[in-house]
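Hi everyone, thanks for coming along. I'd like to walk you through a few spots in a model, so let's put it on the screen.

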Amino acid sequence: MILNQAGTRRFKAYTSKHLDELLLRAGLDETQRLKVRAVATVLPFRTNAYVVDELIDWSAAPDDPVYRLVFPQADMLPSPDVDRLADLLKAEAPNAEIQAEANRVRMKLNPHPAGQLSLNVPRIGKEPVPGMQHKYPETVLFFPKQGQTCHAYCTYCFRWAQFVGDADLKFASDDVEQLVAYLGEHPEVTSVLLTGGDPMIMGEPVLRRYVEPLLEVEQLESIRIGTKSLAYWPQRFTTDPDADDTLRLFERVVAAGKNLAFMSHFSHPRELESPLVSQAVSRILASGATIRTQAPLIRSINDDPEVWSSMWRQQLGMGMIPYYMFVERDTGPQDYFAVPLARAYEVFRDAYASVSGLCRTVRGPSMSATPGKVCVDGVTEIAGQKVFVLHLIQSRDPSLVGRPFFARYDPQAAWLSDLRPAFADRFPWEAAAQEALLSA
């Protein structure tokens with residue numbers, strides 16, 4: 001392992017070319033490794049030395065939750081698809097043939113959920129603006145070109161399509177001037193979320209090029225950075241060569257009167273255990289930034305109330321703000337990782353009930369669906385009918401935010417599209433769309 005001048009390890013990535021060697025450490029036989037490699041032709045694989053050496057308990061692999069968090073599983077995809085790809089790999093078929101089959105499988109996995117390619121596209125005049133999404137009136141998402149990878153990829157990632165090398169599936173832009181121009185035409189936007197991928201994969205000079213112009217936009221109240229770096233490479237804020245410069249950039253954002261919010265993903269308590277994480281969190285908070293934590297509820301990784309309550313308590317003790325428990329989105333290997341909504345609510349409720357009020361800043365379980373962020377508030381019986389109680393935390397239509405609505409109870413439902421309205425013919429957003437159509 002290469003060391004820098006401070007004696008700490010430099011970042012070392014592992015990709016699919018290292019996969020077979022790493023799988024041997026998990027005790028997988030040749031047939032099992034071949035099937036995992038087949039899955040990795042469809043869904044991206046990337047990890048790093050910190051995750052491999054510090055976070056994974058190899059004595060418990062392949063059942064270790066952090067191993068499952070970053071390593072593909074042979075049964076993540078339908079077995080006929082896996083078998084076809086495994087046969088091609090075993091026969092050493094031409095790469096073009098393997099990729100064609102992998103692409104065929106990908107197209108069945110809903111690579112862009114929640115209307116990303118149609119409903120969220122911003123425009124200047126009639127021209128679409130690449131590398132941006134404008135889902136809610138006050139919030140714009142921006143995908144910096146150099147930030148469209150991560151220190152490691154999560155197996156459940158709903159943005160997996162960003163990482164498979166297909167330009168038609170990727171959001172990215174390096175035109176921050178176009179972003180500023182768009183904000184100028186939309187004074188209702190008060191928050192910009194830099195996302196990816198992971199913007200913190202970028203070095204400070206590149207990150208600064210995207211952030212500095214936003215400091216001059218008066219209407220902006222907050223700049224958010226969606227990142228998994230605290231879990232997967234905390235050295236980014238401690239011993240990386242540009243760590244200090246990055247923290248000084250954060251200080252400049254705060255000094256400019258903008259709230260700088262780290263939207264930090266932690267999927268399991270083990271990601272919080274390293275002293276490097278505590279050090280990184282302390283340094284970020286000292287810059288004046290806030291850190292809000294979030295992650296989806298994932299079967300076989302964190303589908304246990306104790307996992308979540310432990311995470312929230314640890315995060316609170318470190319000065320972070322528990323923010324969201326998400327529901328696994330309807331993309332990629334959702335069928336493999338999804339937890340039914342009824343069980344998701346139970347996990348959230350039991351975890352929420354076992355923490356102090358200071359941890360109860362967290363919201364969930366929440367689905368980032370086409371109409372907005374739909375929260376499952378509970379299960380109850382009304383007029384003899386068992387129902388889910390839900391509300392929209394955020395919505396394309398702000399008039400719908402906070403209004404409770406009901407869906408028929410379905411113990412197998414895992415996503416909004418699995419639900420049917422209760423006590424109404426339509427869900428609120430469907431009724432609103434119908435009213436708009438009739439009044440047009």
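**Arginine 343, helix pairs and cysteines**

Let's start with arginine 343, which touches Asp303 and Pro305 once we leave out residues up to four places away in sequence. Before going further, please keep in mind that this is a predicted model. You'll find arginine 343 in helix α14, which covers residues 341-353. Is arginine 343 buried or exposed? Neither, as it turns out: arginine 343 is partly exposed, because its relative accessible area is 34%. There is also a long-range relation here: the C-alpha atoms of arginine 343 and alanine 413 are 9.8 Å apart, with these positions 70 residues apart along the chain.

Now to the helix pairs. Two packed helices are described by the angle between their axes and the distance between the axes.

Take α2, residues 30-42, and α5, residues 79-90: they pack at about 105 degrees, and their axes are 8 Å apart. That angle makes α2 roughly perpendicular to α5, since 65 to 115 degrees counts as roughly perpendicular. Who meets whom? On the α2 side we have Leu34, Lys35, Arg37, Ala38, Val39, Thr41 and Val42, and on the α5 side Val82, Asp83, Leu85, Ala86, Leu89 and Lys90. Sorted by class, this contact has eight nonpolar, one polar and four charged residues.

The other pair is α8, residues 204-211, with α10, residues 243-255; here the angle is about 15 degrees and the axes are 10 Å apart. So α8 is roughly parallel to α10, because angles under 35 degrees count that way. The crossing of α8 and α10 is right-handed. From α8, Glu204, Leu207, Arg208 and Val211 take part, meeting Asp245, Thr246, Leu249, Phe250, Arg252 and Val253 of α10. The residues of this contact split into five nonpolar, one polar and four charged.

Last stop, the cysteines. How many disulfides are there? The count comes to zero. Why is cysteine 150 unpaired? Its closest cysteine sulfur, in cysteine 157, is 6.2 Å away, which is too far for a bond, because a disulfide needs the two sulfur atoms within 2.5 Å. Cysteine 154 is in no disulfide either: its nearest cysteine sulfur, again that of cysteine 157, lies 6.4 Å away. As for accessibility, cysteine 150 is buried because its relative accessible area is 10%, and cysteine 154 also counts as buried, at 14%; the cut-off for buried is under 20%.

That's my tour, and I'm happy to go back to any of these spots on the screen.

Definitions and conventions
Residues are numbered from 1 along each chain as its sequence is written. This is a predicted model: local features need pLDDT of at least 70, side-chain atom pairs count only at pLDDT 80 or more; totals for chains, interfaces and linings use all residues. Side-chain values use heavy atoms; hydrogens and water are left out. Axes are lines fitted to C-alpha atoms, for helices over the stretch in contact, and angles run from 0 to 180 degrees between N-to-C directions. Helices (H or I, at least four residues) and strands (E, at least two) are DSSP runs, numbered from the N terminus. Angles under 35 degrees count as roughly parallel, over 145 as roughly antiparallel, 65 to 115 as roughly perpendicular and the rest as oblique. A crossing is left-handed if the near helix is turned anticlockwise from the far one by less than a right angle, and right-handed if clockwise. Contact means heavy atoms within 4.5 Å. Ala, Val, Leu, Ile, Met, Phe, Trp, Tyr, Cys and Pro count as nonpolar, Asp, Glu, Lys and Arg as charged, and the others, Gly among them, as polar. Buried means under 20% relative accessible area, exposed over 50%, partly exposed in between (1.4 Å probe, protein chains only).
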